[in-house]
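Thanks for passing this one along. Here are a few notes to read beside the coordinates, in no strict order.

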Amino acid sequence: MTKHIFVTGGVVSSLGKGLTSASIGMLLENRGLSVRMQKLDPYINVDPGTMSPYQHGEVYVLDDGSETDLDLGHYERFTHSPLTRDSNWTTGQIYLRVIEKERSGAYLGKTVQVIPHITNEIKDCVKRLATDDVDVVITEIGGTVGDIESLPFLEAIRQFAIDVGKENCAYIHLTLVPFLKAAKELKTKPTQHSVGQLRQIGIQPDFVVCRTEHEISRDDIEKIALFCNVPSKNVVEEQDADFSIYEVPLSLAEHKLDEMIVERLGLTKAKPLDLTKWRELLHSLRTPQTEVTIAVVGKYAKHKDAYKSIYEALDHAGMTNKASVRVLRIQSEDVAREETRALLEKANGILIPGGFGDRGVEGKIDAVQIAREKKIPFFGICLGMQCAVIEYARNVLGLADANSTEFDPTVEHPVINLMEEQRAITDKGGTMRLGSQPTTLLAGSRAASAYGTLEIEERHRHRYEFNYDYRDRFIDGGLTIAGSSPNGKLVEVVEIEDHPWFVAVQYHPEFKSKPTHPHPLFREFIAAAVRMKRAGLGLE
């Protein structure tokens with residue numbers, strides 16, 4: 001029977017439940033087990049697709065077009081768990097499904113209530129992943145114990161153990177053990193209260209994982225164990241990673257969390273843990289041969305999680321190039337400042353990520369011009385590609401007012417315009433061109449060389465596209481159309497041949513990068529930045 005692990009969080013938000021869940025999944029996979037990952041989010045939005053990056057961070061897109069929580073990026077980077085729309089459920093989705101059933105008469109006139117109808121729907125979402133070929137399903141519960149919006153999810157996972165048997169369920173509670181500088185000591189009371197609230201709901205955690213800045217003393221571990229009603233060996237210290245988030249699985253393994261989970265759930269198929277390749281990966285990260293500076297020019301640069309997958313993909317590419325990647329996060333509205341422009345001109349590479357709306361777009365376009373004219377390796381993604389096209393039209397083709405109809409609906413030269421199939425759409429949620437789409441690459445292009453094939457599939461999230469009516473004008477003007485949809489109507493990749501490395505793509509390659517398998521375009525972008533650094537150019 002499929003086993004289930006439920007990960008909850010207490011004391012404060014942003015403790016790293018997603019990272020901890022992903023690390024546990026990675027450890028179990030390395031013991032030869034088949035793992036599926038899932039997150040249940042308590043917010044009422046149907047999905048994060050319409051939420052602000054400042055509030056929620058990036059929207060992570062899956063192959064099937066699902067717009068999901070950024071924690072699913074951790075799941076994909078750490079594990080091989082196949083992710084689908086069943087891997088992320090929100091309160092909004094759960095209630096929507098229940099209401100749709102009620103409207104269709106599925107409940108046969110019964111009064112629809114949180115218990116059992118909402119909780120049953122939540123349990124059904126968990127059970128969807130428990131197929132015959134899956135050994136363990138890891139379900140992360142978003143939010144913090146004590147939040148009113150989390151209560152239906154916590155009640156559902158309490159009931160779950162009754163449905164499938166306690167021997168088939170394990171509960172892991174991630175909590176904070178804060179260090180008070182004035183007193184120079186760690187405090188366990190918040191953890192005691194957090195677990196106390198969980199126990200009042202009816203959930204006794206099997207393991208308490210303690211996020212901490214400092215080593216937890218044996219006395220404090222015994223105190224947590226006593227007041228939280230768990231064996232002291234099941235209190236697991238998770239110190240803040242000094243160097244990289246990819247150290248977290250090693251930390252949990254050192255505290256034998258994977259061994260205890262295998263024992264608790266009776267996972268007799270589990271093999272001995274082998275982290276040789278993971279340790280080699282971390283060694284390459286710790287011992288770079290050079291450092292490169294990459295300027296990421298974004299509309300949401302002040303909020304690191306808005307481009308989480310971008311930063312991770314840059315690190316992955318750095319590992320394979322034996323380079324430490326230093327990221328300059330530059331707010332696109334600041335590009336007009338002289339000191340910001342000076343930083344861009346000295347960077348070893350410039351990357352422009354996606355975004356929506358006209359704020360800061362002119363700064364992105366100026367950054368493209370700097371990269372093109374100063375021969376700085378350039379990588380444009382989604383809106384970054386659109387800005388590259390606009391800049392080329394204005395400053396190379398002489399179409400001075402070229403723009404996107406997203407920013408100027410009446411522009412004379414709409415080199416970027418709304419996709420035909422998007423023009424009748426008014427709803428915002430889940431209506432963009434989403435998910436995995438095929439692209440045919442141009443033989444001999446930089447993109448084709450990086451991928452090593454001419455047929456690829458990448459994940460998309462956009463409404464606006466390169467205007468096909470201008471295709472020949474761009475080609476005649478020296479811009480290489482290096483990738484298109486199979487029917488040739490949608491431009492997916494553009495390049496400049498007379499440049500050290502200038503590639504821009506309409507899709508989001510960052511979503512398919514892993515530390516063990518860096519994305520080929522990020523790999524080659526950083527390789528170009530390393531070449532620039534070794535040529536004596538850029539920041540020292």
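1. Helix 1 is mostly covered: 13 of its 13 residues are buried. Bear in mind that this is a predicted model, here and in the points below. The geometry of helix 1 also checks out. With 13 residues, 17-29, and 1.5 Å a residue, helix 1 should span 18 Å, and its end C-alpha atoms are indeed 18 Å apart.

2. Next, a helix pair. Two packed helices are described by the angle between their axes and the distance between the axes. For helix 4 (residues 91-103) and helix 5 (residues 114-127), the angle is about 115° and the axes are 10 Å apart. The crossing of helix 4 and helix 5 is right-handed. On the helix 4 side, the contact is made by Ile-94, Tyr-95, Arg-97, Val-98 and Lys-101. Helix 5 contributes Val-114, His-117, Ile-118, Glu-121, Ile-122 and Cys-125. Sorted by class, the contact of helix 4 with helix 5 has seven nonpolar, three charged and one polar residue. As for the spacing of such positions, an α-helix has 3.6 residues a turn, so residues three or four places apart point the same way.

3. You may wonder about the cysteines: how many disulfides does a search of the whole structure find? The search comes back with zero. A disulfide is a covalent bond between the sulfur atoms of two cysteines, and the cut-off used here is 2.5 Å. For Cys-210, the closest cysteine sulfur is in Cys-228, and at 7.6 Å that is too far for a bond. Cys-387 is in a similar position: its closest cysteine sulfur, in Cys-382, is 9.9 Å away, again too far for a bond. Cys-210 is buried, with a relative accessible area of 0%, and Cys-387 also counts as buried, at 0% relative accessibility.

4. Cys-228 turns up again beside Gln-192, a residue of helix 7 (residues 189-201). Leaving out residues up to four places away in sequence, Gln-192 touches Lys-223, Phe-227 and Cys-228. Is Gln-192 buried or exposed? Gln-192 has a relative accessible area of 11%, and it counts as buried because the limit is under 20%.

5. Finally, a look at Glu-254, which lies in helix 9 (residues 248-254). Glu-254 has a relative accessible area of 58%, so it is exposed. If you want a long distance to check in your own viewer, try Glu-254 and Glu-421: they are 167 residues apart along the chain, and their C-alpha atoms are separated by 53 Å.

Terms used. Residues are numbered from 1 along each chain as its sequence is written. This is a predicted model: local features need pLDDT of at least 70, side-chain atom pairs count only at pLDDT 80 or more; totals for chains, interfaces and linings use all residues. Side-chain values use heavy atoms; hydrogens and water are left out. Helices (H or I, at least four residues) and strands (E, at least two) are DSSP runs, numbered from the N terminus. Buried means under 20% relative accessible area, exposed over 50%, partly exposed in between (1.4 Å probe, protein chains only). The expected span of a helix is 1.5 Å times one less than its number of residues. Axes are lines fitted to C-alpha atoms, for helices over the stretch in contact, and angles run from 0 to 180 degrees between N-to-C directions. A crossing is left-handed if the near helix is turned anticlockwise from the far one by less than a right angle, and right-handed if clockwise. Contact means heavy atoms within 4.5 Å. Ala, Val, Leu, Ile, Met, Phe, Trp, Tyr, Cys and Pro count as nonpolar, Asp, Glu, Lys and Arg as charged, and the others, Gly among them, as polar.
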